Amino acid sequence: MITSAHLFEESRVANIAVPGGLGVHECRIIWRRHDETCDAALLEASSDLIHGASDYSVEAIRWGKISGISALNGCEAIGYPQISLSEKGEPDTEQIVGTVKPGSSIFRGRYVLDNTHSVPAPRNAVQSPWQGMSGAALFFDEYLIGIISGDPTQWGNSRVEAIPVATLLDDADFCDAVQRSAGSRPRMLEVERQRSQSDDIADDSPLFPWQPVSETDPIAFGIHRVPSSPDFPDIVEYLPRSIDSHLDAILQSLEETGGMLLLTGDSASGKSRALYESMRRNLANWEVCNPDPDIDITNLPTSARRERKAVWLDDLHSYLHATGLTPALLDSLTNSNFIILATLRTEFYDHYAGEKGSLRDAGPRIPSSPGRVIRAAHHVALERIWDEHEREFAARSSDPRVSDALNSDRAYGLAEYLAAGPQVLRAWKSASRVNGNPRGAALVAAAVDLARTGVGTSIPSSSIERLHERYLANAGGPALRPEELDEAWQWAGEIILGVTSPLIPSTHGTWKPFDYLVSNSARESHPRDIPDEIWNEVLQIVDDSRRILVSNVAKFAGKLDTAKSALLPLAEADVLDGLVNLGAVLAFEKDYAGARNFFSRASTLGDTTATHNLGSLAYIQGDLEQARAWYTSAIENGEKQSIAALGLVHEKLGDQEGAIAIWRRGTEAGDPTSAFHYSEWLGSKWQSDEAKQALKVAADGDVPFAALSYAGLLLKKHDHVTANSYLTKAYETAQKQGYLGDTVGCLIAGVTAYAMGDMTAGREWWNVAEERGADIEWLVYEAEPLSPGLSHLAINRDIFERLGEEQVRLIMQLVWAGDCLDCGYPLRDGVPALYIDDNYNWGAAKLFHFGLCRFPRWNDSALQTFSKDVGISWKSLALGIPIEQELVPALLVNPSIEAAHLVLEDNAWFATSECGPRSASSKHLGLTPLWQGVPLEAPDNHVAAFVADGEIAVQALVNAWSAPADDRVVSLVRQYGGLLLITSSAFAPRGDPDEEEVQMVLQSWDTMARWVTLHPSAGT
């Protein structure tokens, strides 16, 4: 039986019973560990607890470890909490079902189970309602993944925490206890799961004159109809969402300033409805315009003669063209105090929002106009899967359609069911069969892939017909006995549940695929999977207003020729967005001469983004004076993003004072990249408070490197909860940028994955970065099988060149994954960074959280690193060592878990342990290699031993080591008048070694020893 250790603080035995079992039995505790990272105990019963116990085997237990930080739905635990006590106080079971969030409480080494129950009220002000759940097994499917350990009160009893079973299996003593008791050793398995995604979406908007918000029709604003039901309207009553208060707060602030609110999410997630209802609540006295996406809205600011105007842009991607919502129009609307309300499907948001600069280098940043519009908005994302609070409120509805949706498959969101999304999706997916409608399904598939390119929502039937044969052939072709074309069109247009059809007829013989089908396909496959025939057709039918979006999707799909071809007509017509975006694609291909031609033309026509990009091209090619001129011109014309880049140019030119002044100015203007550079400079000058504020500006501005650094800063402040959120933000932002082709995004996604212990994802992201031309300065080494010490270590090329592979691998054997020497939190399964302080003829090799606290570096400056307040970790053991048939008392110490020593001899660096051979400490302490013999005489008086009941200790210069000791060892120390001090890096920090392991430690090459005389003041 596995349970919580804190239940047995004093006792070594316990009485255990299993409901329906064989009654109460006495159990003895055969393993127990209760510390910062573990709260678990292993009990062995005196006899069987249940009937047929022999039918079960420990070997059948699937001990599961969760990789990555993606949430894991459907986890469950059964226990006996206070909330389940009967009126008579009799215990009963409670089954908690919820989502494990591995990205929460990483630094405390816990899983967080966010339960899907309504939050229970505590029985009194002292006890948690979940008290009694401790020790319950946490399962995901067939995997045992954790042991419930507590209820974090700051979450209002909505969550419980669990100790990962990986923590148990990392403890050799636990595995030994299981093997002794059950006859087999537990084996860790990686949990197999499907990663879920959640995004959002929007709908089309017809041309709309200015009208009072209070008089608007929700259907005209993109709100989905729902299945018909007697005595109920086509639109269900609004079911509140968790983001409502957030939306309301943003709108209330925008009433004073103007600006843009962007809500993103999957199709039919409820995005348009949530934004519409917030508009109705907060802007009831305003007027709103709902323009057609294909008209020129350039003069929209002059069309309103009164104040308090809002603009509704459903499916924002349809408006991101030269006569739509440009950066200049957004600025004009904002300056006139307009509020722009926009929705956007997540897949399109991802195509635009990830255009970022490089890690520390603000110069080579080549943005496009649509991306600037997206990043200027107040962005809120809506989850497609409804949370328990939302479902609980929806359950109060008397509408039978809501009740049906609540009882449906939880893999889909409530709003999706109300909009008939899953129902239409099933109809489409099940049609490709004999006696089905395989040709109709092929028509839908062709239309869906065409829509995914961004070509538009009104697709010519002729294009769909030309392309559908390919999809029909892939599904089975003639073997499916496909129906005639007329019948196929009829099926594709049939309305399902009175709501919508797979293909929706539009004007002039065009068709629109139901947007839910488009979003579903985007979740399940990458744009690179769209066939070439689709792209060829798109270039024939794309409207000028859609060319920029098609180009962005094509670039995302790796179709660079298509991306350029889509933009060329716009560039030839001197359309600014066409010129800028085509230049950006050419720059992405490293065709700098071609990019410069298009940027120059756009800059001449007044586009400040193009002016900035000319500065970036000059910077990339090393012409810093030209870069300074272009950036200065861009800033003078209002281009804020050029501020950070100009500062970097001044720094490169040797004008550090000028660079700092520019970055300070950019920070005050709210520019994230400027803030990041400014914070780095402030940090180097020890102006910590101002540096922290500047770093936060950068972290909040979607700079993943800054978010990663800020997470490390929060760890130093012991705010691990907020640190986790910024770590997650860094990873998600870097991934998004990486998916959009940004090399630095791939690089930082790899760093963050390695830091969280996801080796596979780390390697994959770095491989992609290298394929895109990145010269990665860091290396991650993996230890040889069964090697002691670290399993992985991150270094840089400078460390490798100075040490070589042999010494790097030796360091990996000398140190262990203890605590980060910067923030003090455990390193755990993450890849640590090696940081070396060079002291001229010797060095200190230390471990830190990779990326969060330090990057690998050989530091040969005068400024040395500081360790965490509690110092370097050490481990000790009191024991008796047989020497020539005598038992000699000894204190075995690993004096430095997270640090090793380097020695410079004949211009070559050699690694040793902190007190190992050739180390400075071994000389100062008078230590000699144990393999040379056991020293039984004290060489000097710098070191002294102490003894007390139950403990022995050694004072060695500035170090003091102690260990619990039984009466036998204490007596031997007093008898001999001293003890043998033994130091070794081979002494592992986890678990106490058995006799065989002690012998292996004593035989290690770096095991050192000396005799230590009992101090005169010690008791005898």
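**Figure 1. A negative surface patch built by E770, E771, D775 and E777.** In this view, four residues come together as a patch. Patches here are made of residues with over 30% relative accessible area and no salt bridge, with like charges joined within 9 Å and nonpolar side chains (Val, Leu, Ile, Met, Phe, Trp, Tyr) joined within 5 Å. Asp and Glu count as negative, Lys and Arg as positive, while His and the chain ends are not counted. For distances, a charge is placed at NZ of Lys, CZ of Arg, CG of Asp or CD of Glu. Look for E777 in the loop between α30 (759-771) and β22 (778-782); helices (H or I, at least four residues) and strands (E, at least two) are DSSP runs, numbered from the N terminus. E777 counts as partly exposed because its relative accessibility is 43%. The labels work like this: buried is under 20% relative accessible area, exposed is over 50%, and partly exposed is in between (1.4 Å probe, protein chains only). A note for every view: this is a predicted model, where local features need pLDDT of at least 70 and side-chain atom pairs count only at pLDDT 80 or more, while totals for chains, interfaces and linings use all residues. Residues are numbered from 1 along each chain as its sequence is written, and side-chain values use heavy atoms, leaving out hydrogens and water.

**Figure 2. The chain as a backdrop for the close-ups, with 35 helices and 36 strands.** Of the 1020 residues in the chain, 56% are buried. The chain exposes about 43,700 Å², and carbon and sulfur atoms supply 48% of that; accessible areas come from the Shrake-Rupley method with a 1.4 Å probe, and for residues only the protein chains shown count as cover. How many of the contacts between residues at least 6 apart in sequence join residues at least 24 apart? The share is 66%, with contact meaning heavy atoms within 4.5 Å.

**Figure 3. R452 and D449, a salt bridge within helix α12.** Side chains of opposite charge can pair when their charged atoms come close. A salt bridge is a side-chain nitrogen of Lys or Arg within 4 Å of a carboxyl oxygen of Asp or Glu, and the count comes to 30. Here the closest N and O atoms of R452 and D449 are 3.6 Å apart. The two residues sit 3 residues apart in helix α12 (residues 438-452), so about one helical turn separates them. R452 is buried at 8% relative accessibility, and D449 is buried too, at 11%.

**Figure 4. R466 and E537, a salt bridge between two helices.** The closest N and O atoms of R466 and E537 are 2.4 Å apart. This pair links distant parts of the chain, with R466 in helix α13 (residues 461-475) and E537 in helix α16 (residues 532-541), 71 residues apart. Which of these is buried or exposed? R466 is exposed, with a relative accessible area of 52%, whereas E537 is buried at 9%.

**Figure 5. E589 and K564, a loop paired with a helix.** Their closest N and O atoms are 2.9 Å apart. E589 lies in the loop between α19 (576-588) and α20 (592-604) and K564 in helix α18 (residues 560-572), so the pair ties together parts that are 25 residues apart in sequence. E589 is partly exposed at 32% relative accessibility, and K564 is partly exposed at 22%. Elsewhere, R33, D35 and D171 are linked in a network of salt bridges.

**Figure 6. W961 and T983, buried residues in two strands.** W961 sits in strand β34 (residues 959-964) and is buried at 2% relative accessibility. Leaving out residues up to four places away in sequence, W961 touches several others, including W874, L891, V893, P895 and L981. T983 is in strand β35 (residues 978-983) and is buried at 2%. With neighbours within four places set aside, the contacts of T983 include V893, P895, C915 and M1008.

**Figure 7. D906 and R918, two loop residues with positive phi.** Most residues other than glycine have a negative phi. Phi of D906 is near 55°; D906 is in the loop between β29 (899-905) and β30 (908-912) and is exposed at 79% relative accessibility. R918 has a phi of about 70°, lies in the loop between β30 and α33 (920-925) and is partly exposed at 40%.
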